[in-house]
Amino acid sequence: MISFKRDMKKPVLATLLFAFAATAVFAQAPAQKAATTQSAPTTLEQRADEITAGMVKNLRLSPKQAAELKDVNRSSMKFAEEARKKHRDNPPKLAQQMDMISQTRLSQIKDILTEQQFAQYQSRREEKMGVPREARSNPSQGQGQQYNNNY
């Protein structure tokens, strides 16, 4: 049972990172961020919209991409909240549901973004999740490193 709990930490932490820290992945500039701390979004839709706004800004999304991404973020946050409520007494089931929601969201995002945008998104996401640079799916090299640093 101890091994099972240890094995469950990564998916649960990744899910919590998605649900609670996704905003930080594409956060506003630090000065703006401090200003919005006092008036933090209260609804799921507002949090999803804030995540979307950060992604629009940092990934330079088209209006069509922004609208599609807003729908994906809103529905993912809604499903995550429903799963938390439904499975709050069953952590393994919750972790399984959250992993499925996260994978579905990632797949939908990949379908919306261009290859370059998705690579940038994925790199930043992995960085925030603490994935070592050499283990990342899209390690930055050469000119791409400078592009990511600007982002």
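Leaving aside its neighbours within four places in sequence, which residues is Gln65 in contact with? Before I answer, let me say that this is a predicted model, and that everything I describe should be heard with that in mind. The residues in contact with Gln65, once those close neighbours are set aside, are Arg60, Ile112, Leu113, Thr114 and Gln117. Gln65 itself sits in helix H4, which covers residues 63-86, and it is buried, with a relative accessible area of 11%. One of these contacts can be described further, since the side chain of Gln65 makes a polar contact with the side chain of Gln117, at 2.7 Å. As for Leu113, its C-alpha atom is 7.0 Å from that of Gln65, although 48 residues separate the two along the chain.

Leu113 also brings us to the nonpolar interior, because it is among the residues with the most contacts inside the largest nonpolar core, together with Met55, Ile109 and Tyr121. That core has 15 residues, and at least two of them come from each of helix H3 (44-59), H4, helix H5 (91-112) and helix H6 (115-129). The helix that gives the most is H3, with 5 residues. Apart from this core lies another, of 5 residues, including Ala80, Leu94, Met98 and Ile101.

Let me turn now to charged pairs. Side chains of opposite charge can pair when their charged atoms come close, and a search of the whole structure finds 4 salt bridges, of which I will go through some.

In one of them, Asp49 pairs with Arg74, the closest N and O atoms being 2.6 Å apart. Asp49 belongs to helix H3 and Arg74 to helix H4, so this salt bridge ties together parts that are 25 residues apart in sequence. Asp49 is partly exposed, at 24% relative accessibility, and Arg74 is likewise partly exposed, at 33%.

Another salt bridge joins the side chains of Arg84 and Glu81, at 3.2 Å from N to O, and here both residues lie in helix H4, 3 residues apart, which puts about one helical turn between them. Is Arg84 buried or exposed? At 17% relative accessibility Arg84 counts as buried, because the cut-off for that term is under 20%, whereas Glu81, at 23%, counts as partly exposed.

Finally, in helix H6, Arg124 and Glu127 are 3 residues apart, about one turn of the helix, and their side chains meet in a salt bridge of 3.0 Å, N to O. Arg124 is partly exposed, with a relative accessible area of 22%, and Glu127 is partly exposed at 37%.

Conventions
Residues numbered from 1 in each chain as written. Predicted model: local features only at pLDDT ≥ 70, side-chain atom pairs only at ≥ 80, totals over all residues. Heavy atoms only, no water. Helix = DSSP H or I, 4+ residues; strand = E, 2+ residues; numbered from the N terminus. Buried < 20%, exposed > 50% of the residue type's maximum accessible area, 1.4 Å probe, protein only. Contact = heavy atoms within 4.5 Å. Polar contact = N/O pair within 3.5 Å; in protein donor to acceptor, adjacent residues only side chain to side chain. Core = buried A, V, L, I, M, F, W, Y, C linked by side-chain atoms within 4.5 Å.
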